[in-house]
Amino acid sequence: MIKVLDSFVADKIAAGEVIERPVSAVKELVENSIDAGAHSIIVEIRGGGKSYIRVTDDGCGISFDEAETAFLRHATSKISGIADLDNIVSLGFRGEALASISAVSRLTMVTRRAEDNSGVKLVLHGGRVVSKERTGCNTGTTIIVEDLFYNTPARRKFMKSDAREASSIIELIQQYAVCYSDKRIMMISNGTTLFTTNGDGDTSAVIRLLYPSISRNGLIPVSGEEVSGFVSDPGSTMSTRKGQLFFVNGRLVSSPVIEKGLEEGYQGRIFSGFPAAVLFIESEPSDIDVNIHPGKQEIRFLRQDEVKGHITDAVSRAVMTGAGVPKGFVKKLETPAEIKLNPIAENNQETEQTSIREFLSGLEREVPVEAAAVAETPDTSYVPVSSHVPDTEPSGSAGYQPVRQEVRPAPFDFNDLSFKGYVFNTYIIMQGRDELFIFDQHAAHERVFYEKFMRGYNNSAHSPQPVLTSFTINVSHDVYSMSREWLSDLIRMGYDIEDFGDCTFVVRGIPPYMSIDEAEGFARGYAEAAGEEGGSNRVVIDKLITKSCKSAVKAHDVLSEQEINDLMSKLSECDNPYSCPHGRPTFIRISSYDIERSFRRK
Ligand code: ADP
Ligand code: MG
């Protein structure tokens with residue numbers, strides 16, 4: 001017998017899709033607050049949100065008459081017809097979050113619109129209205145969710161420990177706080193206020209406050225078409241992608257397209273790990289498909305190559321500057337530290353209520369303790385204060401305001417450098433204005449050679465330049481057996497090279513854009529690398545060329561000051577003077593501030 005499910009049963013089933021864990025409930029509630037035009041949002045949880053979640057905002061509120069309507073499935077004030085689906089700007093649009101959350105919890109909503117004299121308090125248990133009464137309250141909405149999944153034991157079993165659930169929620173709120181730096185966002189767990197942002201729109205200050213590990217080595221501002229934000233320098237990578245936050249039209253998303261665009265922006269300068277980045281992407285709502293996942297985290301771009309290109313351009317313009325020179329002597333960044341939670345769920349309602357009231361009224365502009373650390377961050381020169389587009393529609397609009405960067409770090413100027421010394425027959429010490437630079441002569445030479453080679457390879461007719469005395473190259477048997485593949489490549493590059501039998505090749509002419517030493521090292525390196533790699537498509541050849549550059553230049557060649565100057569001027573002419581073809585830095589920087597700090601002067 002086929003039965004039409006009772007709507008409450010249907011809600012309970014459907015709720016599992018949207019609301020999987022406490023963090024999903026918090027996400028929906030916070031997004032609703034943002035959509036309601038709130039300027040202040042307080043998130044309070046107990047027991048990792050399993051026993052208690054409260055989200056309080058000062059947004060537009062809901063009228064007495066519409067209070068229950070908000071809890072009906074597909075009840076939404078944000079879209080009215082199918083045409084709107086292409087132009088979704090607000091965060092929520094499915095009209096099922098409140099229905100889903102209320103179906104699996106005991107929920108209380110207290111809300112008032114600015115224009116109403118009194119507010120309304122509505123209580124629902126398992127989605128059924130238990131009570132509704134008029135009440136005095138602040139403008140805005142408070143939603144309290146208690147005993148999540150109390151009526152769906154199976155779902156309850158899937159929840160992790162309180163600490164784990166709390167950590168996911170805190171992480172989420174940190175992310176929103178970064179994206180909405182123009183909102184005051186407070187996070188309380190088990191009675192302890194973990195952080196408060198001041199809502200002044202300074203995104204980099206919020207990043208420094210909440211993600212000290214992302215910003216430890218300074219943040220480089222990024223700005224370009226459709227993209228703005230901050231990235232770490234290429235030397236400050238993290239072992240996971242946890243330091244990458246992407247927001248599209250104010251919505252936190254995960255997106256392989258953005259990840260790719262970011263990575264390509266570093267142009268091979270990331271030697272290992274992942275760069276940290278906070279990127280805000282603004283796209284026409286009709287160019288993105290936000291509905292491919294019920295949780296809405298993953299989005300799809302309709303013009304994905306274009307979006308990726310914009311990100312790559314903006315990031316590479318930001319990191320191909322002096323600010324993008326890796327800092328020396330800094331530890332590898334760690335994954336952002338989880339905020340320690342107060343293990344005991346203390347019930348100090350009294351003090352808490354006071355601080356919340358102060359928070360909402362904005363009387364006390366409290367500076368969180370962690371903010372003290374910000375003052376210590378030396379790299380403020382690269383982290384200009386972001387200026388925000390003023391809030392032209394103070395309430396009732398989607399709250400996201402795009403971040404605009406006005407200051408851009410200047411490209412690196414080699415003319416500012418003066419030669420100070422040469423150590424270990426490898427490293428060149430240069431002094432800039434208030435920084436010291438250490439160049440790796442080998443990496444620098446590799447870069448210079450690589451670019452010279454690439455230019456020659458792409459431009460010249462590749463006719464060999466005869467050498468006075470021919471030289472031979474001996475290779476191992478495995479490399480010899482592969483010679484059909486690499487020999488023709490070398491000839492195409494401009495070598496006059498011939499198989500002499502017995503694993504030996506004789507070279508009578510070299511590419512005109514190489515010196516004999518370089519040509520010999522390169523041919524040897526290319527043959528050996530080709531033996532390992534195999535194949536002859538373009539990508540493989542590029543890789544082989546990159547590898548072979550290493551053999552073409554020698555480390556520990558003692559350079560004269562003249563040669564050093566020569567190398568410096570050649571490096572300064574490179575398209576990418578910052579890293580060798582393998583992604584290792586060609587030079588690092590140490591600020592006078594860091595040196596003074598090491599001597600405990602600062
Ligand atoms: P959606 O956000 O997709 O519209 P929800 O179930 O999340 O669906 O919310 C339903 C409706 O309730 C919203 O469209 C909005 O009109 C109202 N609402 C929800 N939360 C708030 C809030 N914090 N402030 C004001 N109105 C709200
Ligand atoms: Mg919603």
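Buried means under 20% relative accessible area, exposed means over 50%, and partly exposed lies in between. The exercises below use this scale on a predicted model.

**Exercise 1.** Decide whether D147 and R600 are buried, partly exposed or exposed, and find where each residue lies.

*Solution.* Begin with D147, whose place is in the loop between β6 (140–146) and α4 (153–157). Its relative accessibility is 30%, so D147 counts as partly exposed. Turn next to R600, which lies in the segment after α18 (592–598). Its relative accessible area is 71%, and R600 is therefore exposed. Finally, look at the backbone: phi of D147 is near 50°, a positive value in a residue other than glycine, and phi of R600, a residue other than glycine, is positive as well, near 60°.

**Exercise 2.** Describe the surroundings of S232, starting from its place in the chain and ending with the residues that it touches.

*Solution.* The first step is to locate S232, which is in the loop between β10 (227–231) and β11 (237–238). The second step is accessibility: the value for S232 is 1%, so this residue counts as buried. The third step is to list the contacts, and, if residues up to four places away in sequence are not counted, S232 touches G218, I220, Y266, P275, A276 and V319. One of these can be followed further, since S232 and G218 are 14 residues apart in sequence and 6.8 Å apart in space, C-alpha to C-alpha.

**Exercise 3.** Work out how the axes of helix α5 and helix α6 are arranged, and which residues make the contact.

*Solution.* Two packed helices are described by the angle between their axes and the distance between the axes. Here the axes of α5 (residues 162–179) and α6 (residues 203–210) come within 8 Å and cross at roughly 160°. Angles over 145 degrees count as roughly antiparallel, which means that α5 is roughly antiparallel to α6. On the α5 side the contact is made by Q174, A177 and V178, and on the α6 side by T203, V206, I207 and L210. Sorted by kind, the residues of this contact are five nonpolar, two polar and no charged.

**Exercise 4.** Find which residues of the largest nonpolar core touch the most other members, and which helix gives the most to this core.

*Solution.* The largest nonpolar core has 58 residues, and I173, V178 and M187 touch the most other members. The helix that gives the most to this core is α5, with nine residues. The core also draws at least three residues from each of domain 1 (7–159) and domain 2 (217–331 + 382–408). A second, separate core has 36 residues, among them Y450, W486, M514 and A552.

How values were computed. Residues are numbered from 1 along each chain as its sequence is written. Chains are lettered from A and ligands numbered from 1 in the order in which they are written. This is a predicted model: local features need pLDDT of at least 70, side-chain atom pairs count only at pLDDT 80 or more; totals for chains, interfaces and linings use all residues. Side-chain values use heavy atoms; hydrogens and water are left out. Axes are lines fitted to C-alpha atoms, for helices over the stretch in contact, and angles run from 0 to 180 degrees between N-to-C directions. Helices (H or I, at least four residues) and strands (E, at least two) are DSSP runs, numbered from the N terminus. Angles under 35 degrees count as roughly parallel, over 145 as roughly antiparallel, 65 to 115 as roughly perpendicular and the rest as oblique. Contact means heavy atoms within 4.5 Å. Ala, Val, Leu, Ile, Met, Phe, Trp, Tyr, Cys and Pro count as nonpolar, Asp, Glu, Lys and Arg as charged, and the others, Gly among them, as polar. A nonpolar core is a set of buried Ala, Val, Leu, Ile, Met, Phe, Trp, Tyr and Cys residues joined through side-chain atoms within 4.5 Å. Buried means under 20% relative accessible area, exposed over 50%, partly exposed in between (1.4 Å probe, protein chains only). Domain bounds come from an automatic or database domain assignment.
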